[in-house]
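Trainee: I'd like to learn how to read helix packing. Can we go through an example together?

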Amino acid sequence: MNIFKQLQKLLEVRGIRQKVHFDLVPYGKANLIGEGVFSCQHGNSECFFNKIHGCAKRDLGYDDSLDFMVCMMSSCSNQYRCLFKECELGKRIDTSKLLKCAIEEGNTIMYNMKELSSAFSLEVGVFVPTVVFNKEYSQEVQSKALSNLTKTVLEYLNENE
């Protein structure tokens, strides 16, 4: 959750959203254990919230889905309360639709997230979160980003402009 607290601060940097596309993949260390059945490292509630975050990623606009996921992961000790209160983002988000999606389409959403994360998981091992710049993984960048995400992203931008 520390990386999400850092991401929340990074998103406050003026103009960062125009320069960087943050692609959050809510899958973590989940495993497909049967047809349409997933197991998550931290239990069923983690899988359920991964499904909600996946629905947000699919159904909300980029900014709203990013803000919603960052809010839930950085600000919430009680994710259910945040889902219905703090992270509706001034009623811009209809959490009842996200709940319905998670219940009705959650396994498909999880499968899609599995596909998105598997390319990097196989390549770098399973570490959550995995930080990737321009679809290239570096252990050095990973370590720096986990320590200070804002500094790492801004350095990366300066080097590549």
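**Reading the helices**

Mentor: Sure, start with α1: its buried residues (under 20% relative accessible area, 1.4 Å probe, protein chains only) are Ile3, Phe4, Gln6, Leu7 and Leu10. This is a predicted model, where local features need pLDDT of at least 70, side-chain atom pairs count only at pLDDT 80 or more, and totals for chains, interfaces and linings use all residues. Residues are numbered from 1 along each chain as its sequence is written, and side-chain values use heavy atoms, leaving out hydrogens and water.

Trainee: Why do the buried residues of α1 line one face of the helix?

Mentor: An α-helix has 3.6 residues a turn, so residues three or four places apart point the same way. Looking down the axis of α1, the buried residues fall within an arc of 155 degrees, so they line one face. They pack against α2, α4, α7 and α8.

Trainee: At what angle do α1 and α7 pack?

Mentor: About 75 degrees, with the axes 9 Å apart. That makes α1 roughly perpendicular to α7, a term that covers 65 to 115 degrees. Asn2, Ile3 and Gln6 of α1 meet Ala145, Leu146 and Ser147 of α7, where contact means heavy atoms within 4.5 Å.

Trainee: And how do α3 and α4 pack?

Mentor: Residues 44-59 (α3) and 62-75 (α4) pack at about 160 degrees, with axes 8 Å apart. α3 is therefore roughly antiparallel to α4, the label for angles over 145 degrees. Among the contact residues are Phe49 and Ile52 of α3, and Phe68 and Met72 of α4.

Terms used. Axes are lines fitted to C-alpha atoms, for helices over the stretch in contact, and angles run from 0 to 180 degrees between N-to-C directions. Helices (H or I, at least four residues) and strands (E, at least two) are DSSP runs, numbered from the N terminus. Angles under 35 degrees count as roughly parallel, over 145 as roughly antiparallel, 65 to 115 as roughly perpendicular and the rest as oblique. Buried means under 20% relative accessible area, exposed over 50%, partly exposed in between (1.4 Å probe, protein chains only). The arc is that of the directions from the helix axis to the C-beta atoms.
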